[in-house]
Amino acid sequence: MANAASGMAVRDECKLKFLELKAKRNYRFIIFKIEQQEVVVEKLGRPDETYEDFTGSLPADECRYAVFDFDFITDENCQKSKIFFIAWSPDISKVRSKMVYASSKDRFKRELDGIQFELQATDPSEMSFDIVKARAF
C-alpha cells in the first residue's frame with residue numbers, strides 16, 4: 001500500500017525481517033533503502049556483527065533507514081535490548097533523496113511495531129556508539 005504523501009510502498013519483506021529481528025533475534029541490524037518508489041531490505045546484519053559493522057554498512061553519500069538491536073547490561077547486571085530506528089541522511093546526499101526519505105520516514109516507521117528509540121543522523125558523529133548507549137540507558 002503506497003503512502004499518499006510520498007507515493008511510497010513498503011515491501012512485506014521489510015516487516016517480516018523486522019519481526020524476525022525483534023522476536024527471534026535473527027539479525028543485529030537491518031538496512032533499508034528506497035528503490036523504485038518502494039522501501040526494500042538492502043542488508044541484514046548477522047547476530048554476531050557489531051555496531052561498527054553496522055555503521056560501516058551505511059553508504060557515505062546516500063540516505064537509508066535502519067534498525068539496530070542494541071544489547072547492553074544494566075547497572076543492576078540485567079541483560080537488556082533496545083531497538084533503534086535510524087534515519088541516515090548524509091549532508092552530501094542528493095537533495096531529492098533527502099526529501100523522499102524525510103517525507104516517507106514516519107509512515108515507514110509506523111510499519112515497524114516495536115521501535116523504542118529514534119535517531120536522525122547527517123554524519124557518523126550524530127549516531128556514535130556513545131550516543132546510542134546513552135539513549136538506551
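Hi everyone. Before we start, one definition: when I give an angle between a helix and a strand, I mean the angle between their fitted axes, taken from 0 to 180 degrees between N-to-C directions. With that in hand, helix H4, residues 129–136, lies across S4, S5 and S6, and runs at about 155 degrees to S6. Please keep in mind that this is a predicted model.

Now to the sheet itself. The sheet is open, with six strands in the order S1-S3-S2-S4-S5-S6, and the pairing is mixed. Strand S1 (9–10) and strand S6 (117–121) stand at the edges with a single partner strand each, so one side of each has no neighbour in the sheet.

Let's look at two of the pairings. Strand S2, residues 29–35, pairs with strand S4, residues 64–73, in the antiparallel sense over four bridges. Within S4, Tyr-65 is the bridge partner of Phe-32. S5 and S6, on the other hand, run parallel and are joined by five bridges. There, Ala-87 stands opposite Gln-120 in S6.

What do S5, H3 and S6 make together? They make a right-handed β-α-β unit.

Helix H3 deserves a moment. Its 17 residues, 95–111, should span 24 Å at 1.5 Å a residue, and the end C-alpha atoms are 25 Å apart, which agrees. H3 also bends by about 50 degrees at Lys-105, and Lys-105 is one of the buried residues of this helix, along with others including Val-100, Tyr-101 and Phe-108.

Finally, helix H1, residues 12–24: this helix lies across S1, S2, S3, S4 and S5, running at about 35 degrees to S3. Thanks for listening!

Notes. Residues are numbered from 1 along each chain as its sequence is written. This is a predicted model: local features need pLDDT of at least 70, side-chain atom pairs count only at pLDDT 80 or more; totals for chains, interfaces and linings use all residues. Side-chain values use heavy atoms; hydrogens and water are left out. Two strands pair if DSSP finds at least two bridges between them. Helices (H or I, at least four residues) and strands (E, at least two) are DSSP runs, numbered from the N terminus. Contact means heavy atoms within 4.5 Å. The expected span of a helix is 1.5 Å times one less than its number of residues. The bend at a residue is the angle between axes fitted to the seven residues ending there and the seven starting there. Buried means under 20% relative accessible area, exposed over 50%, partly exposed in between (1.4 Å probe, protein chains only). A crossover is right-handed if, with the strands pointing away from the viewer, the path from the first strand over the helix to the second runs clockwise.
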